[in-house]
Amino acid sequence: MVGYISREKLAEIIKSRDKVPHKDYLIVDVRDQDYVGGNIKGSRNIPSLQFPDDVDELVNETKEIPTVIFHCSLSQSRGPTAAALYKKRREVLQEGTEAKPYSVQILRDGFKEFQSHYKHDPELVENWDAKVWSPNWNWFPG
């Protein structure tokens, strides 16, 4: 089953790197053109449009990582879809092997809410750009 993780719990995990080694989790950001304007520090961007082609490679790279956390801007469509596909492919690719237990999580309310609470914390958010989060920002110029 794919579960949800709150922004508070994720922030706690990221900030406890001394207690939880970074290799014990991976944050996968599946935003596409809306990736500009900031990201969760240490996350890996695999755009949702590219994700189906890259999922098997991601599974192979993360087979030793016990927690994989997905998100998009709101975590309503792209993040949950990527998480479900990842879980399904990980089950298929690890079938018949002694796979380690793992957890697939989705960041509740996505990066939009995460950045609204933690945008000024460099331990949690990097590359944050106030212009992008302005109500006047045009995602699709032209």
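**Exercise 1. Find the partner of D29 in β4, then place β2 in its sheet.**

Let's start small. The bridge partner of D29 in β4 is N45. This is a predicted model, so keep that in mind throughout.

Step 1. Look for a further bridge to β4: V28 has R44 as its bridge partner there. Together, β2 and β4 pair in the parallel sense over two bridges.

Step 2. Turn to the other neighbour. β2 and β5 run parallel and are joined by five bridges, and L26 has V68 as its bridge partner in β5.

Step 3. Now widen the view. The strands form an open sheet of five, in the order β1-β6-β5-β2-β4, with parallel pairing. At its edges stand β1 (3-5) and β4, each with a single partner strand, so one side of each is left without a neighbour in the sheet.

A reminder that may help here: strands of a sheet pair through backbone hydrogen bonds, either parallel or antiparallel.

**Exercise 2. Work out which way the residues of β2 point, and how covered the strand is.**

Step 1. Sort the side chains by direction. Y25, I27 and D29 point one way from β2, while L26 and V28 point the other way.

Step 2. Check burial, taking under 20% relative accessible area as the cut-off. Five of the five residues of β2 are buried, and the strand is mostly covered.

**Exercise 3. Explain how the buried residues of helix α2 are arranged, and say what they pack against.**

Step 1. List the buried residues of α2 (residues 51-61): F51, V55, L58 and V59.

Step 2. Look down the helix axis. The buried residues of α2 fall within an arc of 95°, so they line one face of the helix.

Step 3. Ask what that set of residues meets. The buried residues of α2 pack against β2 (25-29), β4 (44-45), β5 (67-71) and α3 (78-93).

Step 4. Add the orientation. Helix α2 lies across β2, β4 and β5 and runs at about 170° to β2.

**Exercise 4. Decide whether Q115 is buried or exposed, and name its contacts from further along the sequence.**

Step 1. Locate the residue: Q115 lies in helix α4 (residues 110-118).

Step 2. Compare its value with the cut-off. Q115 has a relative accessible area of 5%, and buried means under 20%, so Q115 counts as buried.

Step 3. Set aside the neighbours within four places in sequence. Q115 is then in contact with W128 and W133. Nicely done!

Note on methods: Residues numbered from 1 in each chain as written. Predicted model: local features only at pLDDT ≥ 70, side-chain atom pairs only at ≥ 80, totals over all residues. Heavy atoms only, no water. Buried < 20%, exposed > 50% of the residue type's maximum accessible area, 1.4 Å probe, protein only. Helix = DSSP H or I, 4+ residues; strand = E, 2+ residues; numbered from the N terminus. Arc of directions from axis to C-beta. Contact = heavy atoms within 4.5 Å. Pairing = 2+ DSSP bridges. Axes fitted to C-alpha atoms, helices over the stretch in contact; angles between N-to-C directions.
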